[in-house]
Amino acid sequence: MRVTRAVHGAAKILVTGAAGQVGTLVVDQANARGIPVRAVTSSELDITDAGAVADAIEPGIVVVNCAAYTAVDAAESDEQAATAVNGAGPGNLATACAQVGSRLIHVSTDYVFAGDATTPYETSAPTAPATAYGRTKLAGEIAVHRALPTAHVVRTAWVYSGVGSDFVATMRRLEAQRETIDVVHDQVGSPTYAADLAAGLLDLAEAPNVSAPILHATNAGQASWYELARAVFAEIGADPERVRPCTSAQFPRPAPRPAYSVLSNRSWIDAGLPPLRPWKEALVESLAARPPETA
Ligand SMILES: NC(=O)c1ccc[n+]([C@@H]2O[C@H](COP(=O)([O-])OP(=O)(O)OC[C@H]3O[C@@H](n4cnc5c(N)ncnc54)[C@H](OP(=O)(O)O)[C@@H]3O)[C@@H](O)[C@H]2O)c1
């Protein structure tokens, strides 16, 4: 992924994992807002290296941690490596921020929940991860708040930017390649446009008086993957009937996916932050923003 790097004087925001899907957009949008930003990729700052992390964090900045081990299925057989990045890494960042008086915004996930709810998860809902990835992300949340109780953990879900191999880009590509596609209808969540999440993270970075330790940030509303795929088809002028519903049982994966992991946006609104728009509005804009990928 493309990395935009701009440092105007002293960096006010440090973005870790800056070559990732969310990190890239946080950096781009910080530049667009005129916020001094320093972007560090995994090769420039490995967050599992406590010494390097301590050296990188200056006093009085806001660290936005977008670095993570995000291979959900691979984590099932590689939990130790995932724990180093998702558990110990954020702990290193929090410790270093606490030492110099910097703020930390740490991105986490709906996978910290069991994923069997029937109404949206509030931030106070009990955590019970069902996957290795979820366990490692929960370990990160705990490590962050142990070292820096004022840090913000921002849980998000179902993030796409419409490029590469994300779900929206894949549906768009498959539409051009196949007559019909089967998509699971028994997993429900909140599709979240990475650009909207990035804007939300910057809104939080620019709001020093928000004190909530845990926040949920997703586009509003809910959908199944099947409904999301149909919406992609409809929006690009293809017949949504070409998307056919199937069940998760027909597509077993190493890490079980949550059946229902919609995150409530109440915490975000209560914090006085601008709510992220409904998912379908964001999807329409994301599709308009990019030409289809054919490769
Ligand atoms: N994508 C989703 O649907 C989703 C849903 C819920 C929550 N989240 C959370 O959102 C955040 C951002 O995810 P994303 O979608 O932007 O993921 P991503 O595209 O996989 O980006 C993660 C970035 O972290 C970097 N990284 C990995 N190990 C590192 C280390 N030890 N030190 C520093 N950087 C390291 C990766 O670099 P390399 O590529 O070089 O390894 C990559 O650039 C993560 O916390 C993730 O858990 C994502």
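This is a short chat about aromatic pairs, a helix crossing and a few single residues in a predicted model.

Biologist: Hi! Before I get excited, what kind of model is this?

Modeller: Hello! It is a predicted model.

Biologist: Good to know. How many aromatic pairs are there?

Modeller: The count comes to five aromatic pairs. Take Trp158 and Trp225: their ring centres are 3.5 Å apart and the planes sit at 5°, so this pair is stacked.

Biologist: Where along the chain do those two sit?

Modeller: In distant parts of it, 67 residues apart. Trp158 belongs to the loop between β5 (152-156) and β6 (159-160), while Trp225 is in helix α8, which covers residues 225-235.

Biologist: And Trp158, is that one buried or exposed?

Modeller: Trp158 is buried, and Trp225 is buried too.

Biologist: Can you give me another stacked pair?

Modeller: Sure, Tyr160 and Tyr193. Their centres are 5.6 Å apart, with 20° between the planes. This pair also links distant parts of the chain, with Tyr160 in strand β6 and Tyr193 in strand β9 (residues 192-193), 33 residues apart. Both tyrosines, Tyr160 and Tyr193, are buried.

Biologist: Back to the tryptophans for a second. Which residues do ring pairs link into a cluster?

Modeller: Trp158, Phe167 and Trp225. Phe167 is also one of the α6 residues that meet α8.

Biologist: Oh nice, let's talk helices then. How do α6 and α8 cross?

Modeller: Their axes come within 10 Å and cross at roughly 55°. That angle falls outside the parallel, antiparallel and perpendicular ranges, and α6 and α8 are therefore oblique to each other.

Biologist: Left-handed or right-handed?

Modeller: Right-handed, as α6 passes α8.

Biologist: Which residues meet there?

Modeller: From α6 you have Phe167, Val168, Met171, Arg172 and Glu175. They meet Trp225, Leu228, Ala229, Val232 and Phe233 in α8.

Biologist: Arg172 catches my eye. Is it buried or exposed?

Modeller: Arg172 lies in helix α6, residues 167-177. Its relative accessibility is 12%, so Arg172 counts as buried.

Biologist: What does the arginine side chain have for polar company?

Modeller: A polar atom of the Arg172 side chain lies 3.2 Å from the backbone oxygen of Leu287. Setting aside neighbours within four places in sequence, Arg172 is in contact with Val232, Ile236, Leu287, Arg290, Pro291 and Pro292.

Biologist: New topic: what's up with Ala143, and where is it found?

Modeller: Ala143 is in helix α5, residues 132-147. With 17% relative accessibility, Ala143 is under the 20% cut-off and so counts as buried. Apart from neighbours within four places, Ala143 is in contact with Gly87, Gly91 and Ala94.

Biologist: How far is Ala143 from Pro90?

Modeller: Their C-alpha atoms are separated by 6.9 Å, although Ala143 and Pro90 are 53 residues apart along the chain.

Biologist: And Thr70, where is that?

Modeller: Thr70 is in the loop between β3 (62-65) and α3 (72-75). At 55% relative accessibility, Thr70 counts as exposed. The C-alpha atoms of Thr70 and Tyr133 are separated by 7.5 Å, with their positions 63 residues apart along the chain.

Biologist: Last one, promise. How exposed is Ile269?

Modeller: Ile269 has 42% relative accessibility, so it counts as partly exposed. Ile269 is in helix α9, residues 266-270. The C-alpha atoms of Ile269 and Asp186 are separated by 28 Å, and the two are 83 residues apart along the chain.

Biologist: Thanks, that was fun!

Terms used:
Residues numbered from 1 in each chain as written. Predicted model: local features only at pLDDT ≥ 70, side-chain atom pairs only at ≥ 80, totals over all residues. Heavy atoms only, no water. Phe/Tyr/Trp six-rings, centres within 6.5 Å; stacked < 30°, edge-to-face > 60°. Helix = DSSP H or I, 4+ residues; strand = E, 2+ residues; numbered from the N terminus. Buried < 20%, exposed > 50% of the residue type's maximum accessible area, 1.4 Å probe, protein only. Polar contact = N/O pair within 3.5 Å; in protein donor to acceptor, adjacent residues only side chain to side chain. Contact = heavy atoms within 4.5 Å. Axes fitted to C-alpha atoms, helices over the stretch in contact; angles between N-to-C directions. Parallel < 35°, antiparallel > 145°, perpendicular 65-115°, else oblique. Left-handed = near helix turned anticlockwise from the far one by under 90°.
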